[in-house]
Amino acid sequence: MKDGPSAAVPEVMVYEPVCPLNLDATLSCGQLFRWKKREDTWEGVADSRFITIRQDCGSLYYTGCSEAFLISYLHLDCPHDAIVSGFSCDAHIMDAVRCTGGLRIVRQNPWECLISYICAQNANIPFITRMIENLCRAAGKPITAPDGVVRYAFPTPEALSTLTLEEIRGCTLGYRAPYVYKTAAAIAADPAWADRIREMPFEEARRALMVYPGIGPKVADCVLLFGFQKYESFPVDTWMRMIMHRLYGIGDPEKSFTPAEYERIRRFAQEHFGPYAGYAQEYLFAIRTSYADGKF
DNA sequence: CACCAGGCCACAG
DNA sequence: CTGTGGCCTGGT
């Protein structure tokens with residue numbers, strides 16, 4: 001027999017997506033840094049809520065958020081098959097789709113996305129994860145989850161901008177600390193920034209993001225894709241550079257990665273893949289090690 | 001101990 | 001305008 005209030009245990013909700021979803025691929029492909037899989041269940045924090053999701057036989061069993069949030073967050077409100085079939089003339093993308101079909105681009109909070117991808121520069125995923133957790137612990141609101149474990153929301157712009165430069169550096173951000181420090185201050189002083197960028201056409205929004213310190217072409221493209229749902233965005237990282245050279249003969253990974261080289265690869269991809277180029281990028285990125293290992 | 005990881009910035013030519 | 005080093009930190 002158990003003691004303790006059963007009312008504290010959240011009701012598990014069920015949702016059955018009508019279109020393809022690969023939850024494992026979606027939450028582990030590297031677009032997000034705050035989800036962990038324990039047993040069969042994914043646990044994460046999004047917009048100040050602790051959420052669990054388990055996928056079983058196509059059904060989603062979830063706690064901590066509404067169905068509307070789940071659908072929006074996982075981008076289940078879109079014609080996924082139509083996006084994928086738009087790539088049907090490209091054998092490489094279809095290879096990737098066969099491996100991780102149902103991979104979704106999650107609708108991230110633009111602010112969290114912005115800071116996260118500033119941290120992500122020149123780092124690997126475990127390191128990025130630690131930096132972000134440190135920031136959350138330092139300035140994020142504590143959330144007591146039903147399992148009794150305290151997690152932390154991603155700090156608001158106001159909260160993050162109260163930290164000193166040294167406190168941010170203490171979150172193991174290294175040379176990225178001044179970028180986060182200055183960008184947080186700028187955003188905190190300008191609450192309408194996200195609405196403004198959301199309304200801008202792609203290239204203009206891109207330029208507007210690159211005004212913030214620590215945000216270059218790669219980070220801007222990630223934020224436009226993951227934070228602003230501008231799906232024509234095609235972020236080019238060192239992996240994508242290698243892959244695009246190998247599959248399409250674009251660019252040359254032997255030479256130094258100049259801004260001109262970035263533009264060449266990005267323009268080609270946006271033209272070649274079309275308005276959902278970002279989805280092509282995510283599918284290629286999801287199986288990046290296969291290309292490194294010489295498969296495909 | 002080198003070298004690199006989902007780059008950006010300051011500075012030289 | 002284009003190209004090259006250096007950079008915090010942590011893992012091979």
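Modeller: Let's start with a definition: two strands pair if DSSP finds at least two bridges between them. Do keep in mind that this is a predicted model.

Colleague: Thanks! How do you know that strand 3 and strand 4 pair?

Modeller: Five bridges link strand 3 (residues 41-46) to strand 4 (residues 49-56), in the antiparallel sense. The cut-off is at least two bridges, so the two strands count as paired. One of the partnerships puts W42 opposite I53 in strand 4. Strand 3 and strand 4 form a hairpin with two residues between them, and D47 in the turn has a positive phi of about 50 degrees.

Colleague: And what makes strand 4 and strand 5 a pair?

Modeller: The same test applies: five bridges join strand 4 to strand 5 (residues 59-63), against a requirement of at least two, so they pair as well. These strands run antiparallel, and T52 has T63 of strand 5 as its bridge partner. Here too there is a hairpin with two residues between the strands, and C57 in the turn has a positive phi of about 50 degrees.

Colleague: Why is helix 5 called mostly covered?

Modeller: A residue is buried under 20% relative accessible area. Ten of the ten residues of helix 5 (residues 110-119) are buried, hence the description. Among them are W111, E112, L114 and Y117.

Colleague: What makes the link between N109 and W111 a polar contact?

Modeller: A side-chain oxygen of N109 comes to within 2.9 Å of the backbone nitrogen of W111, at the start of helix 5. The limit for an N or O pair is 3.5 Å, so the distance qualifies.

Colleague: Now the DNA. Which residues come nearest to DNA strand B?

Modeller: There are 25 residues around DNA strand B, and the nearest are G30, Y175, G214, G216 and W239. Of the strand's atoms within 4 Å of the protein, sugar and phosphate account for 58%.

Colleague: How do you know that W239 makes a polar contact with DNA strand B?

Modeller: A polar side-chain atom of W239 is 2.7 Å from a phosphate oxygen, which is within 3.5 Å, so the pair counts. V219 uses a polar backbone atom instead, 3.0 Å from a phosphate oxygen of DNA strand B. Q121 places a polar side-chain atom 3.4 Å from a sugar or linking oxygen of the strand.

Colleague: Which helix gives the most to the surface near DNA strand B?

Modeller: Helix 12 does, with five residues. Helix 12 (217-226) and helix 13 (238-248) each supply at least two. By type, the surface divides into 15 nonpolar, eight polar and two charged residues.

Terms used:
Residues numbered from 1 in each chain as written. Chains lettered and ligands numbered in written order. Predicted model: local features only at pLDDT ≥ 70, side-chain atom pairs only at ≥ 80, totals over all residues. Heavy atoms only, no water. Near = heavy atom within 4 Å. Polar contact = N/O pair within 3.5 Å; in protein donor to acceptor, adjacent residues only side chain to side chain. Helix = DSSP H or I, 4+ residues; strand = E, 2+ residues; numbered from the N terminus. Nonpolar A, V, L, I, M, F, W, Y, C, P; charged D, E, K, R; others polar. Buried < 20%, exposed > 50% of the residue type's maximum accessible area, 1.4 Å probe, protein only.
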